[in-house]
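This briefing takes up two topics in turn, a patch on the surface and the surroundings of the ligand. Please keep the structure open while reading.

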Amino acid sequence: MRQRTVLIAGASIAGPALALGLVRSGIQPIIVERADALRLGGQNIDVHGAARTVVRRLGIEDEIRAATTGEQGLRFVDERNVTKAAFPAEHADTNGFTKELEILRGDLANILYNRTRDTTEYLFGTQITDLRDHGDRVTVSLAHGADRDVDLVVAADGLGSRTRALIVGDEARIRPLNLYACWFTIPRAASDTAWARWYHAPRGRSMLLRPDNVGTTRVSLWFLSPPRGYEGLRSAEQKALVARHFADAGWEAPRVLDGLADAADVHFDTVSQVIAPHWSHGRAALVGDAAYCPSPVSGMGTNLALVGAYVLAGELARHASHEAAFAAYETLMRPYVKRAQKLPPGVPWIAHPQTRFGISLLHLGLRLASSPRLQNRVNVFSSSSTDTITLPDYTHG
Ligand SMILES: Cc1cc2nc3c(=O)[nH]c(=O)nc-3n(C[C@H](O)[C@H](O)[C@H](O)COP(=O)(O)OP(=O)(O)OC[C@H]3O[C@@H](n4cnc5c(N)ncnc54)[C@H](O)[C@@H]3O)c2cc1C
């Protein structure tokens with residue numbers, strides 16, 4: 001029988017994870033990535049709950065564990081760096097901020113890429129410009145390179161996916177959370193330890209500094225703002241904007257902004273969710289952030305991408321008909337995605353107070369939540385209980 005082919009847009013987490021699952025089922029993936037090379041930037045992400053089961057079944061759990069950042073927990077600090085609440089990491093699949101499997105996003109992307117590069121055709125520096133669904137196959141036009149005829153197409157090209165509109169038209173919408181985020185790397189300083197530190201400044205600003213496993217410090221800066229299209233600015237303009245926003249933030253802002261000026265890996269984006277009533281149309285489907293981005297504040301983006309890719313690959317292997325596979329994928333994933341996208345009331349403004357008094361109240365609430373009695377019961381860092389999907393075991397047919 002002829003081998004089925006699936007062309008995937010996006011070589012980050014969802015795309016290569018899907019490819020890994022497809023190859024194991026005898027389906028041939030091709031990945032098209034807009035960037036000229038694998039993008040290795042990004043900060044700490046974690047793998048927990050159902051995603052932990054997925055990486056174990058995909059055979060990459062040990063590799064992930066070997067590349068973890070070693071973060072020992074999170075401290076909320078004030079302007080004088082005094083700890084207001086502390087959440088230590090637990091050596092389990094914890095509810096807390098620092099999970100057992102904390103890894104740099106680029107390291108996870110690299111693990112998935114290395115596991116698939118010999119069995120998957122990777123086309124870098126190009127993207128899909130048109131899809132023509134003939135009913136029995138799809139013709140894909142690329143910005144650079146000849147047209148490709150494939151059985152199926154999957155968009156795994158993230159929050160700002162362009163491929164999404166070619167598949168589901170304008171049905172999907174972006175839900176902005178009135179928050180912007182800027183991620184980058186700075187040199188480690190004496191005040192940096194194996195603990196993450198999170199500092200809040202008035203006017204809805206916060207700075208999170210996290211240790212990594214390569215001797216530097218990973219920064220995320222967050223600020224509340226209605227959507228203003230800042231994500232479309234050039235990188236130099238984004239740096240200037242962030243520097244202005246945080247100039248009087250206090251604490252370690254001067255050092256962080258010096259690092260921002262020199263940083264080569266700045267990633268700036270609006271914090272938003274993707275809400276799509278359908279994840280497929282004809283012979284094409286969506287996966288990961290392109291389909292159901294829950295936003296970084298949910299703590300679930302990478303987990304949904306891994307679980308979604310695993311389920312989609314498994315259902316495609318299980319069903320000869322792509323319609324049946326896409327329907328089963330959506331039936332299994334919808335409730336899980338819905339819970340992950342349901343953010344606690346008041347997020348994100350509750351975590352970004354406007355005044356010093358508001359920051360004191362936030363610290364008080366966090367101190368209560370960090371008490372050993374509550375820490376195992378209240379999850380202030382994730383949008384949902386993450387084991388709320390029953391994963392079929394596709395390895396047993
Ligand atoms: C460079 C980078 C840094 C990140 N840093 C963080 C972070 O620090 N913290 C965090 O929580 N999340 C971060 N993310 C997002 C995080 O990876 C995702 O939320 C999550 O892992 C789901 O991954 P995904 O594969 O669905 O989408 P993404 O990780 O967003 O990957 C989408 C991929 O598609 C590619 N692409 C975009 N458009 C096209 C196109 N038209 N055709 C082909 N390819 C295209 C992109 O270059 C990217 O490789 C980052 C993403 C990237 C790309």
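In this predicted model, a nonpolar patch on the surface is formed by F357, L361 and L364, which together have about 340 Å² of accessible area. The ligand, for its part, has 25 residues around it, and the protein covers 91% of the 910 Å² of accessible area that the ligand has on its own.

**Surface patch**

- F357, one of the residues of the nonpolar patch, has its place in helix 11, which comprises residues 356-369.
- F357 counts as exposed because its relative accessibility is 60%, and the cut-off for that class is over 50%.

**Shell around the ligand**

- Of the 25 residues around the ligand, those that come nearest are S12, E33, R39, Q43 and D289.
- By residue class, the shell around the ligand divides into 8 nonpolar, 11 polar and 6 charged residues.
- Strand 2 (28-33) and helix 9 (301-318) each supply at least two residues of this shell, and helix 9 gives the most, with 3 residues.

**Polar contacts and cover of the ligand**

- Q43, which is among the residues that come nearest to the ligand, has a polar backbone atom 2.8 Å from an oxygen atom of the ligand.
- I13 likewise places a backbone N or O atom 3.0 Å from an oxygen atom of the ligand.
- With Q127 the contact is made by the side chain, a polar atom of which lies 2.9 Å from a nitrogen atom of the ligand.
- Taken on its own, the ligand has 910 Å² of accessible area, and 91% of this is covered by the protein.

Note on methods
Residues are numbered from 1 along each chain as its sequence is written. This is a predicted model: local features need pLDDT of at least 70, side-chain atom pairs count only at pLDDT 80 or more; totals for chains, interfaces and linings use all residues. Side-chain values use heavy atoms; hydrogens and water are left out. Patches are made of residues with over 30% relative accessible area and no salt bridge: like charges are joined within 9 Å, nonpolar side chains (Val, Leu, Ile, Met, Phe, Trp, Tyr) within 5 Å. Accessible areas come from the Shrake-Rupley method with a 1.4 Å probe; for residues, only the protein chains shown count as cover. A salt bridge is a side-chain nitrogen of Lys or Arg within 4 Å of a carboxyl oxygen of Asp or Glu. Helices (H or I, at least four residues) and strands (E, at least two) are DSSP runs, numbered from the N terminus. Buried means under 20% relative accessible area, exposed over 50%, partly exposed in between (1.4 Å probe, protein chains only). A residue is near a molecule or strand if one of its heavy atoms lies within 4 Å of it. A polar contact is a pair of N or O atoms within 3.5 Å; within protein, one must be able to donate a hydrogen and the other to accept it, and residues adjacent in sequence count only if both atoms are side-chain atoms. Ala, Val, Leu, Ile, Met, Phe, Trp, Tyr, Cys and Pro count as nonpolar, Asp, Glu, Lys and Arg as charged, and the others, Gly among them, as polar.
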